[in-house]
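Welcome! Please take a moment to look over the sequence and the fold below. We will then walk through some aromatic rings and the nonpolar cores together.

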Amino acid sequence: MPGWFGVGSALLEYTSADPSNILTLQKMHEEWPFFHNFISAVQMALFKADTDIMKEYSRLCEDRITETLCFDLLEKEFRVTESNILVTIQDSRLLSRDYLGTRNTLKSRNHFLKPLNYIQTILLQRLRKEKSKLSEEETQLAQETLLRTIKAIASSIRNTG
């Protein structure tokens, strides 16, 4: 699961219980270094996330009902987390103000990472559906390429999952 999953629901539950808790979260973000760093890490994880890629990975599910349920759950939590983080940081977009350099770095990184994710989903799909039809050499090549995509993606996303 991604590092941001569940954060939005928790923030929403906290602020729904008492709308004045929004002010408490905003004050905590401004005054508490631990909470500020936590919210910053969630912002970074959200910024690195890509709902188009989430959709591609959900298509790897065996049946369409599971695919839809998985994607809808992830997308809904993504949106809830993003909106609650933006309210907490009192901003209209993630990683603005003090994080413009990080934002630009991550944007440029995504141009290289997105194709790797697509390649990985294609390879996973191929290995699942066509493994019995592939020669041993083709299977080994696909597995080696898949491992390279895993290493490259893991190296790139590092702390966000």
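A residue is called buried when its relative accessible area is under 20%, exposed when that value is over 50%, and partly exposed in between. Keep in mind that this is a predicted model.

By that yardstick, W4 and F78 are both buried. For W4 the relative accessibility is 2%, so W4 falls in the buried class. F5 has 27% relative accessibility and therefore counts as partly exposed.

**Aromatic pairs**

Searching the whole structure turns up three aromatic pairs. Two that involve W4 are set out here:

| Pair | Centre to centre | Angle between planes | Type |
|---|---|---|---|
| W4 and F5 | 6.1 Å | 50 degrees | tilted |
| W4 and F78 | 5.5 Å | 80 degrees | edge-to-face |

The pair of W4 and F78 connects distant parts of the chain: W4 sits in the segment before α1 (7-17), while F78 belongs to helix α5 (residues 64-89), 74 residues apart. Together, W4, F5 and F78 make up one aromatic cluster.

**Nonpolar cores**

Where else does W4 appear? In the largest nonpolar core, a set of 21 residues, W4 is among those with the most contacts inside it, along with V42, L46, M54, I85 and L94. Two or more residues of this core come from each of α1, α2 (21-31), α3 (33-48) and α5.

V42 is worth a look too. Beyond its neighbours within four places in sequence, V42 is in contact with W4, V7, T81 and I85.

Finally, there is a second, separate core of five residues, including L123, L127, L134 and L146.

Key
Residues are numbered from 1 along each chain as its sequence is written. This is a predicted model: local features need pLDDT of at least 70, side-chain atom pairs count only at pLDDT 80 or more; totals for chains, interfaces and linings use all residues. Side-chain values use heavy atoms; hydrogens and water are left out. Rings of Phe, Tyr and Trp (its six-membered ring) pair if their centres lie within 6.5 Å; planes under 30 degrees apart count as stacked, over 60 as edge-to-face and the rest as tilted. Buried means under 20% relative accessible area, exposed over 50%, partly exposed in between (1.4 Å probe, protein chains only). Helices (H or I, at least four residues) and strands (E, at least two) are DSSP runs, numbered from the N terminus. A nonpolar core is a set of buried Ala, Val, Leu, Ile, Met, Phe, Trp, Tyr and Cys residues joined through side-chain atoms within 4.5 Å. Contact means heavy atoms within 4.5 Å.
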